[in-house]
Amino acid sequence: MPPTSEQAAAPTRFSDKMEPEELAIVRRAYAKHVLANADVNDVRVEAAFAAVRREHFLGPGPWPMLRWPHRYVPTPSDDPVYLYQDALVGIIPERGLNNGQPWLHAMLIAAAAPRPGEHIVHIGAGVGYYTAILAHIVGESGRVTAIEFDDDLAMRVATNFTGQPNVRALRGDGAQIEFDPADVIYVNAGATRPADIWLDRLNDGGRLIWPLTSDKGFGENPEDIPIQRRGAVFRIERRGNEFLAKWISAVAIFPCEGARDADSERALAAAFERGGWERVTRLYRRGDVPDEQCWLRAPDWCLAYE
Ligand SMILES: C[S@@+](CC[C@H](N)C(=O)[O-])C[C@H]1O[C@@H](n2cnc3c(N)ncnc32)[C@H](O)[C@@H]1O
């Protein structure tokens, strides 16, 4: 029997939270939007964003969503549906430490081109959401080493991956700590220079995703959250003893402990003033490359045009 008009108008009762099967559909839509925003067409990256549950890593809600400029707004409830926005979520809001922008990570991960079976080193894992995206892409035949500097966060990463054999969580300085040779080194914090280990441990054909940021904060106020304003992400690819370099994107990101020094900071600030980062093609680990060949010239390394 067809419903009467009174029945048809009766309010539908929704449960407080979306059901897991509804969330799976929401996640598929989220993955499509994230990749579209990144202007990326990569089925492996899309499948990973559709599969990984962001709420598993961020812990119980409501969650603080970062709204521009620097205001955290709690989600209306602890329904994980609110996490499937292309938005930053505060992990430690008072330190400006966030779960990064999904479209930026989709773009950077696609640029790193990870493949099933590869070893990825993820530096600055936070609570592990993007570690999980990487682990999904390399699959059970690959593995991810996740390194996090902050004690509490490193513990959360370890807990979040309990029982997942293709992820190893380490606490420490990703610019110093020992790790196995890698096909991809995915750095999620702003450096002023390349750490030696990132270049030494990159396999032949391996790719380093490397954010470089200057010391300028977002505002004029010294109390401002120390996210870096002037930043550029480079993709470095190892070919034997050569390091090919390519600018990928501008970036504002939390600083990388252990991979910042005053000389490189000065060289970086001067390079940003000069412009021309998009023409960079090489990273050299020496200080004798002629000035006119360099975009950024630090005492013992440079980013150069050929
Ligand atoms: C911008 S947050 C990103 C967190 C995570 N990738 C995300 O999007 O959820 C940067 C992270 O890098 C960590 N970090 C900073 N310097 C580090 C270092 N030298 N080694 C490992 N982690 C570092 C910080 O503690 C912070 O958790």
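**Figure 1. Helix α5 meets helix α6 through P102, H105 and I109 on the α5 side and Y130, I133, L134 and I137 on the α6 side.** Here, "meeting" means contact, with heavy atoms within 4.5 Å. By class, this patch has 6 nonpolar residues, 1 polar residue and no charged ones. (Nonpolar: Ala, Val, Leu, Ile, Met, Phe, Trp, Tyr, Cys, Pro; charged: Asp, Glu, Lys, Arg; polar: the others, Gly among them.) The model is predicted: local features need pLDDT of at least 70, side-chain atom pairs count only at pLDDT 80 or more, and totals for chains, interfaces and linings use all residues. Residues are numbered from 1 along each chain as its sequence is written, and side-chain values use heavy atoms, leaving out hydrogens and water. The axes of α5 and α6 come within 12 Å and cross at roughly 35° (lines fitted to C-alpha atoms, for helices over the stretch in contact; angles run from 0 to 180 degrees between N-to-C directions). The crossing of α5 and α6 is right-handed (near helix turned clockwise from the far one by less than a right angle; left-handed if anticlockwise).

**Figure 2. Helix α2 packs against helix α5.** Look for residues 20-38 to find α2, and for residues 102-112 to find α5. (Helices, H or I of at least four residues, and strands, E of at least two, are DSSP runs numbered from the N terminus.) The two axes sit 8 Å apart, at an angle of about 70°. That makes α2 and α5 roughly perpendicular to each other (65 to 115 degrees; under 35 is roughly parallel, over 145 roughly antiparallel, the rest oblique). The α2 side of the contact is Y30, V34, L35, N37 and A38, while α5 brings P102, W103, A106 and M107. Sort those residues by class and you get 8 nonpolar, 1 polar and no charged. This crossing of α2 and α5 is right-handed.

**Figure 3. Slide over to where α2 crosses helix α3, residues 43-51.** The axes of α2 and α3 come within 7 Å, crossing at roughly 140°, and α2 and α3 are therefore oblique to each other. Their crossing is right-handed. Who is touching whom? From α2 come R27, R28, Y30, A31, K32, V34 and L35, and from α3 come V45, E46, F49, A50 and A51. This contact has 8 nonpolar residues, 4 charged ones and no polar ones.

**Figure 4. Zoom in on E46 and K32, which form a salt bridge.** Their closest N and O atoms are 3.0 Å apart. Because E46 sits in α3 and K32 in α2, the pair ties together parts that are 14 residues apart in sequence. The salt-bridge count for the model comes to 19 (a side-chain nitrogen of Lys or Arg within 4 Å of a carboxyl oxygen of Asp or Glu).

**Figure 5. Ten strands line up in an open sheet.** Reading across, the order is β7-β6-β5-β8-β9-β10-β11-β12-β14-β13, with mixed pairing (strands pair if DSSP finds at least two bridges between them). At the edges you'll find β7 (167-171) and β13 (294-298), each pairing on one side only. Neighbouring strands of the sheet are turned by 20° against each other on average, ignoring direction. Inside the sheet, β9 (residues 202-213) and β10 (residues 231-239) run antiparallel and are joined by 7 bridges. One partnership to hunt for is L208 with I236 of β10.

**Figure 6. Two helices lie across strands of that sheet.** Helix α6 (residues 129-138) lies across β5 (119-123), β6 (143-148), β7 and β8 (182-187), running at about 165° to β6. Helix α7 (residues 151-160) lies across β6 and β7, and runs at about 165° to β7.

**Figure 7. Strands β1 and β2 make a hairpin.** β1 (residues 64-67) and β2 (residues 71-74) pair in the antiparallel sense over 4 bridges. R67 has R71 in β2 as its bridge partner. There are 3 residues between the strands, and H70 in this hairpin takes a positive phi near 55°.

**Figure 8. Some backbone oddities are worth a stop, starting with the cis peptide bond between G61 and P62.** Its omega is about 0°, and P62 sits in the loop between α4 (54-58) and β1. Which sign does the phi of D39 have, positive or negative? D39 has a positive phi, near 60°, and lies in the loop between α2 and α3. Why point these out? Because most residues other than glycine have a negative phi, and most peptide bonds are trans.
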